[in-house]
Structure formats: C-alpha cells, structure tokens
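Colleague: I would like to learn how to read a protein model step by step. Could we look at one together?

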Amino acid sequence: MTLDELRKQLVQIELQVSSGVCELDQIDCVRSFESSVLGKQGSIGLLLKNIRNYPPEQRGQVGQIINEAKAKAKAMIDARLDEIQRETLTKESQNTSAVDPTLPGSVESMGSLHPVTMVQLEIERIFERFGFTVEAGPEMEAEYNNFDALNIPADHPARDMQDTFWLNNGKVLRTHTSPVQHRAMKKFGAPLRIIAPGRCFRYETLDASHENTFHQVEGLVIDDEISIPNLIAMSKALLREVMQRDVKLRVRPGFFPFVEPGLEIDMNCQICDGQGCATCKQSGWIEILPAGMVHPNVLVAGGIDPHRYSGFAFGLGLTRLAMMKYGIRDIRVLNSGDLRPIVCPQRLGGPTLMNKTT
Ligand code: DAH
C-alpha cells in the first residue's frame, strides 16, 4: 500500500469510528468496538502490524501517520465512554429509587455537644456581652504559673489543698484555671476583664462529686475602684442567666492564697431546690463560685501596680454548674462514654437534657 493509499484508508477508518461510536450507548459495546479498531486484529492494529512490510526508510513516516490516526480514534472512543457514564449517572439520580448522594445525612445520629461544652459556650456568650475577653491557657503549666505567681510559694500548705499531677519535665497538669490570671496580666496589663474556661486536673479519689479531670471558668476583672459588690452582682446575674431561673446566693468567707479577702459564693441546690439531698450533702447549698479580691502579691507578680488598681477574681466550677443545670447526679458519667440517660427527672424546672432513647 502506498503512502497515499494508507492516508486514504486511515481517513476512512476515522470516519467509521466517529460515526460508529456515536451509535453505541452501552459501555461494553464501546469496548468491543474499541478492540475492533485498536486491538491487534483491529483495523488500525493490523496497519501497525504491517509497518514492517514497508521499506526501512519509510517505516518512520508510516508509523507516525498510523499513530496519529490511532490517537484520534482513541480520543473519540474515550469521549463516548465518558458521555455514556455521565448519562447513566444522571438517569440514576432521576430515578427516585436510586440513592441520591446530594441529600444530607441523617441528623438524628449526629449526637450533640457535651453538657459541659454547652454550658461553657453559654457562659462565654454571657461574659462577652459583659465586655470580657475569652482567654485560654495550657493544660500543661509551669509550676511557677500554677502556684508561685498566685502567691502560693513552695512549701506553702495551700499546695496540699490541690493534689497535683507532676510531670517528668518539671511542669504540672494545671490544678486550676487560675494560672491564666497571671498570663492575662502579663499579656494585657490593666485594666482587664477576662474569663478563661478550661480543663483542670487533680490527683483525686473518684466518687460521685470528685473527678481527676474537670472544668472551671476563671474570671478576672482589674480596674479602678473594683469592689466586692461588683463581684456579687455579676455572680447573681450570671447564675440566674445560666440556670434560667432565680437563684439564691450565700456568701461566706473562704481562704485562697491569691485573694484577700477570699469568698465562697454558694448557690441554692438546684437538684432539691435547697431542701437537702445527697448532692448538696443535705445542706441545701452548692459551692459554685469561690472568689475574692485579687491579692496585691498576685498583681505585683503580674506587673500591675496594686496602689493604682484593684480587682476581683473567681473560679467558677463549670463541671458542677453543668451538673446542676442538667440534673446530673454523678460527675463520673461526664467523662465516660456511656450514652444512657444521665438526667435526674425530679430536677425542678429549667432545661432538660434527654438522651433520645428515653
Ligand atoms: N483556683 C481555685 C481552686 O481551684 C478557685 C478560685 C478561688 C479561683 C478563688 C479564684 C478565686 O479566682 O478568686 O480551688
């Protein structure tokens, strides 16, 4: 076959491919059509095989001509395969019995936020409205920040109040969120209004009200003429808003080395409404908000002039508050993976947290 004849034949084959392939609408048919053209015994395949019958000096050119035609044929066949696949998908998605991959998943099985997280987010929103900044500190903390900067020097008996996990690198798992007070003073100076929610750790024996891992929200306000009435007013507004009902507060003296004076702000037990139950140890009150006026030594350690500024601080028991809000009697369920209902049905009024299997 001369070169001219070869070219003519290839044009014929291309025409056959382009018209033939359009008539096929099954992937299998296209595949067998492909091998009838490009396969070893196919129309182009045989031409390739015949290259060796040409004189050596022509073989390069012949090969090039045939390969160009082969590439065009392959492109037409692939395009048709693509088209058929797309048509099939469209048909499937129009057919109502087929799976529609664009539908959203089942919402029921998505779970929800942890009760402690829900209360934390709520508290953050409330404090942001009061003009507070939400700060975070590390869970692995320097001994200095966790203790010394808070007026708890080494050998101070107050260190024994907080059984501490000491790490091999000399740091501690923070025993409270109070070190963020020091970090915030260093970072912002005065005046200052922050809260710092976070996870804390103590080497505790576990029972219904003690966990080795729990959450607090630290609060710190430093400004001109800050006083205890500001602290009490803020506490009342906060607790009322979180519990969504009026709460009673009781204020007692309390000792914490980083405040002077130190206070314990208690809330009437929301499980028994102050009547006395196992959760409040029959007292009718829950210790929820230890607080006080920031000790001058703590201000000095944070680089703030205690003669110019005063402030209050508090360490809200976030885990305990979440338990009160949702009527959870045993702290241990909060860190377990047990999804069975954890709500006390007798809890009076307010929001409930129900597992969907109840
Ligand atoms: N850090 C204390 C604790 O975990 C709680 C606390 C008490 C925080 C008084 C304060 C405060 O900011 O003023 O036991």
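Modeller: Happily! Let us start at proline 261, which is found in strand S7, residues 259-268. Keep in mind that this is a predicted model.

Colleague: What kind of peptide bond joins glutamate 260 and proline 261?

Modeller: First the general idea: most peptide bonds are trans. Here, though, glutamate 260 and proline 261 are joined by a cis bond, with omega at about 0°. A cis peptide bond also joins alanine 190 and proline 191, where omega is about -5°. Proline 191 belongs to the loop between helix H7 (179-188) and strand S4 (192-201).

Colleague: And how do I read phi? What is the phi of lysine 281?

Modeller: In general, most residues other than glycine have a negative phi. Lysine 281 is not a glycine, yet its phi is positive, about 50°. You will find lysine 281 in the loop between S7 and S8.

Colleague: Let us turn to the ligand. Where does the ligand sit?

Modeller: The ligand sits in the largest pocket. Strand S5 (213-223), strand S8 (285-294) and strand S9 (310-317) are the elements that each give two or more residues to the shell around it.

Colleague: How many residues surround the ligand, and which are the closest?

Modeller: There are 16 residues around the ligand, and the closest are His176, Ser178, Arg202, Gln216 and Glu218. Sorted by class, the shell holds seven nonpolar, seven polar and two charged residues.

Colleague: Which polar atoms should I look at around the ligand?

Modeller: Look for pairs of N or O atoms within 3.5 Å. In the side chain of serine 178, an N or O atom is 2.9 Å from a nitrogen atom of the ligand. Glutamine 216 has a polar side-chain atom 2.9 Å from a ligand oxygen. Phenylalanine 314 uses its backbone: a polar atom there is 3.2 Å from an oxygen atom of the ligand.

Colleague: How much of the ligand does the protein bury?

Modeller: The general idea is that an interface is often sized by the accessible area lost when the parts come together. Taken alone, this ligand exposes 360 Å², and the protein buries 94% of that.

Colleague: Finally, how is the chain divided?

Modeller: Into domain 1 (3-101) and domain 2 (115-335). Taken over C-alpha atoms, the centres of domain 1 and domain 2 are 75 Å apart.

Key: Residues numbered from 1 in each chain as written. Predicted model: local features only at pLDDT ≥ 70, side-chain atom pairs only at ≥ 80, totals over all residues. Heavy atoms only, no water. Near = heavy atom within 4 Å. Polar contact = N/O pair within 3.5 Å; in protein donor to acceptor, adjacent residues only side chain to side chain. Areas by Shrake-Rupley, 256 points an atom, 1.4 Å probe, with all protein chains shown as cover. 1 Å grid on protein atoms, 1.4 Å probe; cavity = no way out; pocket = protein on both sides within 12 Å on 5 of 7 lines; lining within 4 Å. Sits in = over half its atoms within 2 Å of the grid points. Helix = DSSP H or I, 4+ residues; strand = E, 2+ residues; numbered from the N terminus. Nonpolar A, V, L, I, M, F, W, Y, C, P; charged D, E, K, R; others polar. Domains from an automatic or database assignment.
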